[in-house]
Amino acid sequence: MAGTPFTIPPEKIPRHVAMIMDGNGRWALSRGLPRLAGHKAGTENLRRVIRSSVEFGVKYLTIYAFSTENWGRPPEEVKGLMFILEDVIDRELAELSKEGVQLRHIGRLERLPPNLQEKVLDALDATKDNDRLVLNVAFNYGGRDEIINAIQHIMKDGVPPEEVTDELVSRYLYTAGTPDPDLIIRTS
């Protein structure tokens with residue numbers, strides 16, 4: 001019926017949606033633009049995805065934005081991606097907080113420039129009490145790296161090998177306490 005708002009029964013809304021942001025650079029190149037223009041356009045689309053997730057009642061949204069393998073890209077592109085992350089935090093943090101979005105980082109912060117590490121940590125702290133949507137931002141994240149990190153921490157904690165279970169490993173992952181995704185979208 002024309003003019004009727006689009007509604008989805010609550011039981012059909014995925015609890016956790018994950019998005020692999022892929023293809024932005026190729027999208028830009030296919031239009032004769034620099035790769036970074038595509039990455040910027042991707043962040044603009046992301047704003048709509050976050051708003052829609054809040055509106056529809058998605059509880060967890062995970063964005064895979066920068067993998068550990070992305071460090072192998074040309075230095076200017078990596079620098080540009082760092083700038084985009086910083087710019088998004090500067091421009092969007094207040095609005096995200098107002099919308100009830102809790103930011104979480106998954107991955108390692110160590111390789112990020114110190115000022116960006118601090119900005120990320122401040123954003124996480126500023127939104128830690130929000131509860132409408134948990135937005136996991138995977139930045140400097142890799143699946144294998146996450147497993148290595150979990151194993152290292154399990155070993156540091158002196159857990160005997162026979163006590164290592166699926167449940168235990170889950171508690172050591174970056175996403176501990178977050179349900180597995182119900183829907184995974186690869187944007188390419």
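This report describes two pockets and two buried residues in a predicted model.

## Basis of the model

The model is predicted: local features need pLDDT of at least 70, side-chain atom pairs count only at pLDDT 80 or more, and totals for chains, interfaces and linings use all residues. Residues are numbered from 1 along each chain as its sequence is written, and side-chain values use heavy atoms, without hydrogens and water.

## Largest pocket

The largest pocket (an open set of points on a 1 Å grid over the protein atoms alone, where a 1.4 Å probe fits, with protein on both sides within 12 Å along at least five of seven lines) holds about 1,000 Å³ of space. Its lining (residues with an atom within 4 Å of a point) comprises 48 residues, of which Met21, Leu46, Ile63, Ala65 and Val137 are the closest to the centre.

Helix H3 (75-98) is among the elements that supply at least two residues of this lining, and H3 gives the most, with 10 residues. Helices and strands are DSSP runs of at least four and at least two residues respectively.

## Second largest pocket

About 320 Å³ of space lies in the second largest pocket. Among its 18 lining residues, Tyr64, Thr175, Pro179, Asp180 and Pro181 are the closest to its centre. Strand E1 (16-20) and E2 each give two or more residues, and E1 gives the most, with three.

## Two buried residues

Asn140, in strand E4 (residues 133-141), has a positive phi near 60°. Asn140 counts as buried (under 20% relative accessible area, 1.4 Å probe, protein chains only) because its relative accessibility is 4%.

Asp145 belongs to helix H5 (residues 143-156) and is likewise buried, at 19% relative accessibility. Beyond its neighbours within four places in sequence, Asp145 is in contact (heavy atoms within 4.5 Å) with Thr68, Arg108 and Tyr174.

Key. Buried < 20%, exposed > 50% of the residue type's maximum accessible area, 1.4 Å probe, protein only. Points joined across faces, edges and corners; volume = space filled by probe spheres on them.
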